Amino acid sequence: MAAAPGAARSRFVVVGGGIAGVTCAEKLAMEFPSEDIFLMTASPVLKAVTNFRQVSKTLEEFDVEEQPSSLLEKRYPNIKVIQSGVKQLRSDEHKIFTEDGKEYMYEKLCLCAGAKPKLIFEGNPYVLGIRDTDSAQAFQKNLAQAERIVVVGNGGIALELVYEIQGCEVIWAIKDKAIGNTFFDAGAAEFLIPKLSAEKREAPIQCKRTKYTMEGSEEKERPIAASDKLGSALGPDWHEGLSLKGTKEFSHKVHIEILCEVKKIYLQQEFLQLQQTSLAFPKEEKNVESDEVLWPVYVELTNGKIYGCNFIVSATGVVPNVTPFLAGNNFALGEDGGLKVDKHMHTSLPDIYAAGDICTASWEPSPVWHQMRLWTQARQMGWYAAKCMAADTLGESIDLDFSFELFAHVTKFFNYKVVVLGKYNAQGLGLDHELMLRCTKGQEYVKVVMQSGRMMGAVLIGDTDLEETFENLILNQMDLSAYGEDLLNPDIDIEDYFD
Ligand SMILES: Cc1cc2nc3c(=O)[nH]c(=O)nc-3n(C[C@H](O)[C@H](O)[C@H](O)COP(=O)(O)OP(=O)(O)OC[C@H]3O[C@@H](n4cnc5c(N)ncnc54)[C@H](O)[C@@H]3O)c2cc1C
Ligand SMILES: NC(=O)C1=CN([C@@H]2O[C@H](COP(=O)(O)OP(=O)(O)OC[C@H]3O[C@@H](n4cnc5c(N)ncnc54)[C@H](O)[C@@H]3O)[C@@H](O)[C@H]2O)C=CC1
């Protein structure tokens with residue numbers, strides 16, 4: 001295509017300086033050392049993956065570093081970082097326009113603009129979200145002067161926050177029955193809860209017990225199966241460099257309100273006019289006397305309770321950053337608002353690919369993989385998108401990358417190592433599955449999800465050392481019916497079984 005006068009052009013343009021975009025640009029730079037790769041980003045710093053370690057076939061660990069763009073350009077002299085937000089895309093002309101008034105032409109474009117927090121009561125100054133360094137610092141500053149906050153949401157951010165925050169009362173309002181619904185079921189939640197009150201921390205019990213349960217049996221110990229149901233994002237241990245401390249001297253003080261959402265938020269003046277009664281922080285679940293302190297803001301929950309607080313954290317998920325790319329371009333969007341991509345990371349428009357939080361994986365997935373907006377998937381998608389762009393350019397064919405065979409995520413919650421594999425919460429399996437459990441209070445929690453004798457998923461909390469074996473068992477779909485409860489028997493070295 002002919003370049004318009006004044007328009008810079010490059011064969012490959014990548015938008016987004018987060019993990020997906022940087023990984024995609026790096027891989028393209030390696031594949032096409034004599035081509036210039038344009039990396040456009042709204043944020044002044046880039047996110048680079050460092051210390052990458054393949055822990056097992058599909059589990060990976062790495063650090064995420066904020067780096068100046070000059071470092072990336074030094075490592076890959078054919079990457080040109082353009083620091084300006086993209087404000088418009090004209091896909092029919094293969095052109096993008098940036099905030100600083102420039103235009104660029106591409107042959108192949110990969111959109112990796114990430115996502116932003118999906119806030120409740122967006123626009124209310126007392127409602128904060130956490131996504132990037134700036135929002136994390138704003139949160140820290142507010143927390144340093146706070147006595148009580150309300151945390152809304154039950155996913156990754158809320159789980160990290162309620163554990164890390166010290167010296168501040170936390171009212172944690174969740175829609176579900178148990179904490180951490182995006183990662184755990186009620187059994188795992190019960191295992192983790194003691195960690196929220198340091199004083200109540202229990203000594204680990206040495207004996208392990210195994211259990212084999214089926215949905216609908218052994219009501220008491222049966223974990224509830226899951227129902228079917230503009231900066232870069234922060235990196236691992238993002239809270240470690242931040243002092244997440246309120247004004248008080250105590251450690252954790254978390255009160256959980258389950259099965260509720262926020263109905264209304266009142267500013268102090270509105271609240272006083274209504275002469276409502278706000279609840280004090282509950283003591284041992286009994287105290288519901290009214291609060292005598294006046295708070296800057298009040299939160300009314302759908303269960304009728306009203307709590308005063310200094311501010312509210314909305315940790316209620318993300319929405320893909322698609323807005324600048326939509327006008328005039330007929331992208332197919334997923335239900336979650338992301339750009340739909342096929343198994344070659346191709347969007348619905350010619351020569352435009354997408355990777356990371358901005359996209360919605362729309363291919364028929366392996367039975368034990370699903371998309372979650374995580375940095376492992378952002379890295380894998382960015383890398384694979386570049387491979388697909390290269391293959392299309394060279395007229396080669398390419399198979400779906402192995403990393404999409406099995407969902408695998410390793411992280412840390414409440415100071416425990418947490419590994420989740422496959423359909424770890426029986427997502428999409430309906431009632432047709434069984435759960436097997438092994439739990440040692442304070443030490444480890446192991447849950448496997450079985451279907452027709454095959455392992456479909458697992459949650460491993462603590463240092464269980466089972467991840468590799470279980471990863472293999474899920475990948476090879478071996479019929480394990482004959483092993484029964486021995487599968488989780490701590491006295492049997494399970495690896496020997498399958499060697
Ligand atoms: C607090 C927090 C903790 C997290 N913890 C974990 C965890 O423990 N484990 C895990 O796996 N995941 C975690 N995540 C999720 C993970 O960070 C994201 O899934 C991942 O970083 C997404 O990468 P990305 O490159 O797709 O998007 P982003 O990191 O959001 O990067 C998007 C990039 O696009 C740029 N951009 C946006 N719009 C434009 C535009 N119009 N023009 C040009 N550039 C644009 C932005 O400036 C940015 O550089 C966490 C997220 C948060 C917020
Ligand atoms: N250690 C890890 O792996 C971590 C991963 N992350 C990732 O970062 C991203 C952002 O994290 P989160 O905001 O925690 O998103 P999330 O998607 O993990 O969780 C969102 C939570 O908010 C709840 N929710 C949604 N709308 C609500 C509403 N209106 N009222 C009340 N609750 C509502 C959902 O039920 C869910 O519990 C996610 O992609 C998450 O996976 C974040 C922190 C840690």
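In this predicted model, the shell around ligand 1 draws at least three residues from each of two domains, domain 1 (8-116 + 318-404) and domain 2 (127-185 + 225-314). There are 39 residues around ligand 1, and those that come nearest are Gly 16, Gly 18, Gly 114, Ala 233 and Gly 356. Two or more residues of this shell are given by each of the elements α1 (19-31), β2 (37-41), α4 and α8 (375-394). By class, the shell around ligand 1 consists of 20 nonpolar, 15 polar and four charged residues.

Ligand 2 has 21 residues around it, of which Gly 153, Asn 154, Gly 155, Gly 156 and Arg 373 come nearest. The element that gives the most to this shell is helix α4 (residues 156-164), with four residues. Eight residues of the shell around ligand 2 are nonpolar, nine are polar and four are charged. Because domain 1 and domain 2 both give residues to the shell, ligand 2 lies between them.

Besides domain 1 and domain 2, the protein has a domain 3, which covers residues 415-498. The centres of domain 1 and domain 2, taken over C-alpha atoms, are separated by 34 Å. Contacts between these two domains involve 10 residues of domain 1 and seven residues of domain 2. On the side of domain 1 that touches domain 2, two residues are nonpolar, five are polar and three are charged.

Strand β2, one of the elements named above for the shell around ligand 1, has five of its five residues buried, so this strand is largely enclosed by the rest of the structure. In a regular strand, side chains alternate between the two faces of the sheet. In β2, Ile 37, Leu 39 and Thr 41 point one way, while Phe 38 and Met 40 point the other way, and all of these residues are buried. Strand β1 (residues 8-15) pairs with β2 in the parallel sense over four bridges. Within this pairing, Val 13 has Phe 38 of β2 as its bridge partner.

An open sheet of five strands, paired in parallel, runs in the order β10-β18-β11-β12-β14. Its edge strands, each of which pairs on one side only, are β10 (127-128) and β14 (254-257). Inside the sheet order, strand β11 (residues 148-152) pairs with strand β12 (residues 169-173) in the parallel sense, and five bridges join them. Val 150 has Ile 171 of β12 as its bridge partner.

In soluble globular proteins, nonpolar side chains tend to be buried together. The largest nonpolar core in the model has 82 residues, and Ile 149, Val 151 and Ile 312 have the most contacts inside it. When neighbours within four places in sequence are left aside, the contacts of Ile 149 are Leu 143, Cys 168, Val 170, Cys 309, Asn 310, Phe 311, Ile 312 and Val 313. A second core, separate from this one, has 57 residues, among them Val 22, Tyr 76, Met 345 and Met 389.

Further along the chain, the loop between β23 (408-413) and β24 (416-422) contains Phe 414. Phe 414 is not a glycine, yet its phi is positive, near 55°. Phe 414 counts as partly exposed because it has 19 C-beta neighbours inside 10 Å; the cut-off for a buried residue is 20 or more. Leaving aside neighbours within four places in sequence, the contacts of Phe 414 are Tyr 163, Leu 192 and Lys 195. Asn 415 is also placed in the loop between β23 and β24, and this residue too has a positive phi, of about 70°, without being a glycine. Asn 415 has 9 C-beta neighbours inside 10 Å and therefore counts as exposed.

In helix α9 (residues 467-476), the buried residues are Glu 467, Thr 469, Phe 470, Glu 471, Leu 473 and Ile 474. An α-helix has 3.6 residues a turn, so residues three or four places apart point the same way. Just after α9, Gln 477 takes a positive phi of about 50°.

How values were computed: Residues numbered from 1 in each chain as written. Chains lettered and ligands numbered in written order. Predicted model: local features only at pLDDT ≥ 70, side-chain atom pairs only at ≥ 80, totals over all residues. Near = placed C-beta within 6 Å. Nonpolar A, V, L, I, M, F, W, Y, C, P; charged D, E, K, R; others polar. Domains from an automatic or database assignment. Pairing = 2+ DSSP bridges. Core = buried A, V, L, I, M, F, W, Y, C linked by C-beta atoms within 7 Å. Buried ≥ 20, exposed ≤ 12 C-beta atoms within 10 Å, placed from the backbone.
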